[in-house]
Amino acid sequence: PPGFLFKLPSTRFNNLSTRTASSSASGPRVLASVVPSSVPRVAEDLVDYLNNSWTPFHATAESARMLAAAGYKRLSERDEWKLEPGGKYYFTRNMSSIVAFAVGDKYQPGNGFNIIGAHTDSPCPKLKPVSAVTKGGFLTVGVQTYGGGLWHTWFDRDLSVAGRVLLRRGKDGGRLSHQLVQVDRPIIRIPTLAIHLDRTIAADGFKPNTETHLAPVLSTAIKGELEAEVATGGGGKEEEV
């Protein structure tokens, strides 16, 4: 199933107000970039949308939610459409693309129409089908680059995972269903070498090899091992510490 790494915002400035974004009052709260207190509402709405759209699947779901709230009616490509003047409609495909359109009150068949297009995806490291890799005593995550990203910006940052999984529920195998996944906390980091292990970086610059250097480390696994060592250290049993 498709999975994507996502950079958690960590911007900090002076004379700016911090805020969090959430699609609902009870939903998971996502850390947003800090913004000026006088920023226009449309900019804040854009930040909310981006924070809720980690992957193409999440962007499609968030767009569908916003369209439904604006009075758009959902259509299915399997059904025969009965469009009406003044109607507003949308449909999705593969949970990763969405098409919305509005019919003018005075529209006549054969008249022209306007189209605006955009993409729901963005460059990111995508999880490989077999993503768990143990190397050098570390549990890493196998990824492959997607798109033309500025990959050096992904190093030494808090990262998380989001995407879509396929589930089979019910008896006798059941039916396949889609489920969106979004881990709202940092669990992965792509580390860089210490300066004394890479003496040429100051003169030559940072030029990572995406095949060998872009190896995210699962920080939760390291944290668990460290906690286990601390708990069992000093000769006591783990349950006694």
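These are my notebook entries on what I looked up in this structure.

**Overall make-up.** I began by noting that I am working from a predicted model. I then went through the secondary structure, which comes to 4 helices and 12 strands. Of the 241 residues of the protein, I found that 25% count as buried, and I put the exposed surface at about 16500 Å², of which carbon and sulfur atoms supply 54%. Turning to contacts with a separation of 6 or more, I noted that residues 24 or more positions apart account for 55% of them.

**Helix α1 and its charges.** I looked next at the salt bridges, whose count comes to 6 in the protein, and I started with Arg-41. Its side chain meets that of Glu-44 in a salt bridge at 2.7 Å, N to O, and the two residues are separated by about one helical turn because they stand 3 residues apart in helix α1, residues 41–51. Arg-41 also forms a salt bridge with Asp-48, where the closest N and O atoms are 3.9 Å apart, a distance I checked against the cut-off of 4 Å for a salt bridge. I recorded that Arg-41, Glu-44, Asp-45 and Asp-48 are linked in a network of salt bridges. Are the acidic partners Glu-44 and Asp-48 buried or exposed? Glu-44 has a relative accessible area of 17% and so is buried, and Asp-48, at 16%, likewise counts as buried.

**Helix α2.** I then followed helix α2, which has 14 residues (56–69) and reaches 20 Å from its first C-alpha to its last, close to the 20 Å expected at 1.5 Å a residue. Its buried residues include Pro-56, Phe-57, His-58 and Leu-67, and Glu-62 is also among them. The side chain of Glu-62 meets that of Arg-65 in a salt bridge at 2.7 Å, N to O, with both residues in helix α2 and about one turn apart. For this pair I compared the accessibilities: Glu-62 is buried at 8%, whereas Arg-65, at 41%, counts as partly exposed. Just after α2, I noted that Gly-71 takes a positive phi of about 95°.

**The β7 and β8 hairpin.** Last, I examined strand β7 (residues 124–135) and strand β8 (residues 138–146), which run antiparallel and are joined by 8 bridges. As one pairing to locate on the model, I wrote down Val-133, whose bridge partner in β8 is Thr-140. How many residues lie between the strands of this hairpin? There are 2 residues between them, and Gly-136 in the hairpin takes a positive phi near 60°.

Terms used: Residues numbered from 1 in each chain as written. Predicted model: local features only at pLDDT ≥ 70, side-chain atom pairs only at ≥ 80, totals over all residues. Heavy atoms only, no water. Buried < 20%, exposed > 50% of the residue type's maximum accessible area, 1.4 Å probe, protein only. Contact = heavy atoms within 4.5 Å. Areas by Shrake-Rupley, 256 points an atom, 1.4 Å probe, with all protein chains shown as cover. Expected span 1.5 Å × (residues − 1). Pairing = 2+ DSSP bridges.
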